[in-house]
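These are my notebook entries on a structure I had not looked at before. I went through it topic by topic and wrote down what I found.

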Amino acid sequence: MTHRSPASRTLKVDAIARVEGEGAMFVEIRDGEVHDVQLRIYEPPRFFEAFLRGRRFTEPPDITARICGICPVAYQMSACNAIEAACGVTIDGQLLELRRLLYCGEWIESHALHIYLLHAPDFLGYDNAIDLAADHAAIVERGLQLKKVGNEILELVGGRAIHPVNVRVGGFYRVPTRRELAPLRERLLWALDAARQTVSWVAGFDFPDFTHALELVALHDADGYAVLGGRLVSTRGLDIAAEEFDAHIAEEHVAHSTALHAHLLERGEYLVGPLARFALNAEQLAPDARDSASAAGLTADERNPFRSIVVRAVEIVHACAEALRIIDAYAPPEHPAEAVEPRAGVGCGWTEAPRGTLWHRYELAADGTILDARIVPPTSQNQPAIEHDLFHFVEANATLDDDALRHRCEQVIRNYDPCISCATHFLDMRVERT
Amino acid sequence: MNTPEVPRKPSIAVWKFASCDGCQLTLLDCEDDLLAVAGEVELAYFLEAGRASVGGPYDLSIVEGSITTAGDAARIREVRAMSKRLVTIGACATAGGIQALRNFGDVKEFLAIVYAQPQFISTLTDSTPIAAHVPVDFELRGCPITKTQLLEVIGAFLHGRRPNVSPHSVCVECKRAGNVCVTVAHGTPCLGPVTQAGCGALCPSYNRGCYGCFGPMENPNLPSMVQTLRYQGVDDGGVIRMLRTFNAGAPPFRDASEAIEAEARGSEA
């Protein structure tokens, strides 16, 4: 490669690795100034919102699960919440606890996948987890086993880890007995310890000195660290119900992305996901998770997106503790599902997917036919925030050579664990210095 | 003195087209076997798992996803040209996936429903399986595929034999599992009799009818299936929706759902 003036250059990554789905990055520097940054999402659209029209109100849990193989439960749960809201049904008691248990499985599986297989290699100078395993077999093995415990919960409660079959509007098809859940206890005690070790391991990584001042947005639930519902709150005073989402957050279609960009109508870009949840709800974490967080030096004021990996590890500790609590107190509900009768109307629902808030809205006809569906996934909400981080990171690190800068920029993107399959509804990085 | 030649590890590439990532995730979900498999092969191209990419040709390409854009139709031909063997995994790659529901509708209308600026999007009118574009050596079914079948397919191709994947129906797996038949005992509509095995009869084990996520078995009797569902009280719209999910584009399911529509048009006329 010829030496070009570092004052003007273009960096590109045509296909970003270790993310879910297909995306590209483009950074253009002119005369030492960052001119343009784009996280390009070119994964082909699949039109879920279009073909949900005309389907029955009972079908979205199975159909929307197929938006994402990594967080299908998030889609199933947000869909159920929204449809149950439209039909005037509230799920509580042990059925709600079983949903929370299933969701804990997905958080453990998804976070362990991201920490060990997708993100940690960046910090330790490896290209991938297989190479990392060649030098640190025991660590990668711990990560895989942790991920496996998450999948075991999904398999037991949901039937399988990817696209669980046991979830329905109103609850489940079959609920487990206490005896069936019992073997998970031993596994979760091991996982809780492995999760604590994960927090200390990632907390020791070398983090770039970089912070942002983005508005952080997450669900908040008075009853505990929010996962299955609540109000959407932020570090700048947002406090809304699911039905008000539309009035505060708009999606915009930009040319370089098949994902729609979301922004707050009053204030612009914002951030959802682990860092936001921790900033807004840290005091509600399970005691084990709070202890791990303080030992790792995390506070609610944490604004370094590179340290989101530590928050993910803390959330695994929390999910393991929650799962144990649920299993210990479990008494099988009398019926596997509440009866849900369709009625004409609109229902909105949301949950905290591993990557952040996932909102669904359905309009139903009186006979239960879906007239309209809208889905806003976390990655499309975070895409403007990722571009914001890229812009400021490149600005502060423009002296790095192309390879180092490109590598760091990919890391900036991976901080958000972007799920591009979700957001399209693929990342390709290019840096242009002219 | 001659040094003995070290045998080269077979190279595997994993490719993604329109899909949810779930089938390639199944490889990463082989937690107990992943490092062992990685020791036996060279994962030469696997974007989801790593940055390093080794150029082709590859001994085995594993392809996830369906073809929905002109660019992807060209890319799959390049992948085929670089691959000694090519295996497709999952309902998207083998039948067009859930996104093949567009094949029954108007894609322009779909675009306008989802995107405010449809002119930014390029897409084909149909979602088609990989085999509609290039020769495929083996199709592994499922939405998603199962781990054990994926490991069997990789093992078989590395050793130059046919994969041992049964083409019989879910009913056979149900009997082996000792499940009570959900149709006979509870009158629950179930696609098990026409759906290929491989999931372990999961849905009936959870007290629900099979919803066909592994697609049609070998030689399914769809007319008889449709008759049974009607007998159970499922209306024609309901039967069409059951056949039009993750394998809507698989010919037996597609033809049966279109036959019901044609029948309805005939009786109107």
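The entries below deal with salt bridges, two arginines and a pair of domains.

**Entry on the model.** I note at the outset that this is a predicted model, and I keep that in mind for every value that I write down here.

**Entry on salt bridges.** I searched the whole structure and found 41 salt bridges over all chains. I then looked up a few of them, beginning with Arg208(B) and Asp62(A), whose side chains meet with N and O 2.8 Å apart. Arg208(B) belongs to the loop between α9 (202-205) and α10 (222-231) of chain B, while Asp62(A) is part of helix α2 of chain A, so this pair joins two chains. I checked the exposure of both partners and found that Arg208(B) and Asp62(A) are buried.

Next I turned to helix α4 (residues 93-124) of chain A, where Glu97(A) and Arg100(A) are three residues apart and therefore separated by about one helical turn. Their salt bridge has its closest N and O atoms 3.1 Å apart. Glu97(A) counts as buried because its relative accessible area is 15%, and Arg100(A), at 17%, is buried as well.

I also looked up Asp122(A) and Arg414(A), which form a salt bridge of 2.8 Å from N to O. Asp122(A) sits in helix α4 of chain A and Arg414(A) in helix α13 (residues 402-414) of chain A, so the bridge ties together parts that lie 292 residues apart in sequence. Both Asp122(A) and Arg414(A) are buried. I add that Glu97(A), Arg100(A), Glu322(A) and Arg325(A) are joined into one network by salt bridges that share partners.

**Entry on Arg66(A).** I found Arg66(A) in the loop between α2 (60-65) and α3 (72-86) of chain A, and with a relative accessible area of 2% this residue is buried. A polar atom of the Arg66(A) side chain lies 3.1 Å from the backbone oxygen of Asp62(A). Beyond the residues up to four places away in sequence, Arg66(A) touches several residues in chain A, including Arg46(A) and His163(A), and several in chain B, among them Cys20(B), Cys143(B) and Tyr211(B).

**Entry on Arg80(B).** I placed Arg80(B) in helix α3 (residues 70-81) of chain B. Is this residue buried or exposed? Its relative accessibility is 17%, so Arg80(B) counts as buried. The side chains of Arg80(B) and Asp137(B) are joined by a polar contact of 3.2 Å, and Arg80(B) is also in contact with Val134(B), Pro135(B) and Val136(B), among others.

**Entry on the domains of chain B.** I recorded that chain B is divided into domain 1 (11-158) and domain 2 (170-268), with C-alpha centres 26 Å apart. Contacts link 13 residues of domain 1 of chain B with 18 residues of domain 2 of chain B. About 1200 Å² is buried between the two domains of chain B, and carbon and sulfur atoms give 60% of that area. Phe104(B), Arg141(B) and Cys143(B) supply 47% of what domain 1 of chain B buries against domain 2 of chain B, more than any other three residues.

How many salt bridges did I count between domain 1 and domain 2 of chain B? The count is zero, whereas four residue pairs are in polar contact across this interface. On the side of domain 1 of chain B that touches domain 2 of chain B, I listed eight nonpolar, four polar and one charged residues.

How values were computed:
Residues are numbered from 1 along each chain as its sequence is written. Chains are lettered from A and ligands numbered from 1 in the order in which they are written. This is a predicted model: local features need pLDDT of at least 70, side-chain atom pairs count only at pLDDT 80 or more; totals for chains, interfaces and linings use all residues. Side-chain values use heavy atoms; hydrogens and water are left out. Helices (H or I, at least four residues) and strands (E, at least two) are DSSP runs, numbered from the N terminus. Buried means under 20% relative accessible area, exposed over 50%, partly exposed in between (1.4 Å probe, protein chains only). A polar contact is a pair of N or O atoms within 3.5 Å; within protein, one must be able to donate a hydrogen and the other to accept it, and residues adjacent in sequence count only if both atoms are side-chain atoms. Contact means heavy atoms within 4.5 Å. Domain bounds come from an automatic or database domain assignment. Buried area is the accessible area (1.4 Å probe) that two parts lose on being put together, summed over both. A salt bridge is a side-chain nitrogen of Lys or Arg within 4 Å of a carboxyl oxygen of Asp or Glu. Ala, Val, Leu, Ile, Met, Phe, Trp, Tyr, Cys and Pro count as nonpolar, Asp, Glu, Lys and Arg as charged, and the others, Gly among them, as polar.
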